[in-house]
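Let's take a friendly walk through one model, starting from a single residue and working outward. Here are the sequence and structure.

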Amino acid sequence: MSIKTAQKRHKWALDYTSKHRPDGSKQLFQSEPLPEPLGFSITTFSDSGARDNNPDLIEKKSWDIALGPLKQIPMNLFIMWMAGNSISIFPIMMVGMMFIRPIQALLAIQQTFKMIEGANKTIQRIVYALGNLAGVGLAVYKCQVMGLLPTHASDWLAFVEPQKQLEWANGGIGL
């Protein structure tokens, strides 16, 4: 049954596996190959080895990695300003992301330091670490502005012992 259905073809069905039309009249494909387009060349050039070993490019890429956290600070300032100081879900999420990203980068600092190469790699590593610490400091500042950090004495009233009453006063009517 499946052999009969495979041989039975509709007139709108096309068979792309053969070079002839279903009625056998003309070919769908040309038998001779087409000429190559202008500017096309089959040969390939492998000049990437010379580019990868260029010390100037390695130094530039290392500085791009080191300055990455510092380049994020203006965007974080703009996001802080757009989020506002209210205590709602959007500003809390923004502050959370401002904490999480630099902390994750500081935890994965060894993998990042493996990518930094060149003569100034110690300075680049210090710049990278300071940039991430500046991001954490920016998040702490935003928390303080929003009132999420316990910086006032009234924030610690739950831990303060109540004062003991030393005197008692009663009204003027004697019993």
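N132 sits in helix α6, which spans residues 121–146. Helices here are DSSP runs of H or I with at least four residues, strands are runs of E with at least two, and both are numbered from the N terminus. This is a predicted model, in which local features need pLDDT of at least 70, side-chain atom pairs count only at pLDDT 80 or more, and totals for chains, interfaces and linings use all residues. Residues are numbered from 1 along each chain as its sequence is written, and side-chain values use heavy atoms, with hydrogens and water left out.

Is N132 buried or exposed? N132 counts as buried because its relative accessibility is 5%; the cut-offs are under 20% relative accessible area for buried, over 50% for exposed and partly exposed in between, with a 1.4 Å probe and protein chains only. Leaving aside residues up to four places away in sequence, N132 touches P69, P102, A105 and L106, where contact means heavy atoms within 4.5 Å.

Now to the helix pair. The axes of α3 (residues 55–83) and α6 come within 9 Å and cross at roughly 10°. Such axes are lines fitted to C-alpha atoms over the stretch in contact, with angles from 0 to 180 degrees between N-to-C directions. The two helices, α3 and α6, are therefore roughly parallel to each other, a label for angles under 35 degrees (over 145 is roughly antiparallel, 65 to 115 roughly perpendicular and the rest oblique). Among the contact residues are W63, P69 and I73 of α3 and Y128, G131 and N132 of α6.

N132 also lines the largest cavity, together with P69, Q72, I73, N76, P102, G131 and G135. This cavity holds about 60 Å³ of space, and α3 gives the largest share of its lining, 4 residues. On a 1 Å grid over the protein atoms alone, a cavity is a set of points where a 1.4 Å probe fits but cannot get out, and lining residues have an atom within 4 Å of a point.

The table sets out residue classes: Ala, Val, Leu, Ile, Met, Phe, Trp, Tyr, Cys and Pro count as nonpolar, Asp, Glu, Lys and Arg as charged, and the others, Gly among them, as polar.

| Site | Nonpolar | Polar | Charged |
|---|---|---|---|
| Contact of α3 with α6 | 15 residues | 6 residues | 2 residues |
| Lining of the largest cavity | 3 residues | 5 residues | no residues |

Finally, the whole protein has 6 helices and 0 strands, and 18% of its 175 residues count as buried.

Conventions: On a 1 Å grid over the protein atoms alone, a cavity is a set of points where a 1.4 Å probe fits but cannot get out, and a pocket is an open set with protein on both sides within 12 Å along at least five of seven lines; lining residues have an atom within 4 Å of a point. Grid points are joined across faces, edges and corners, and a volume is the space filled by probe spheres set on the points.
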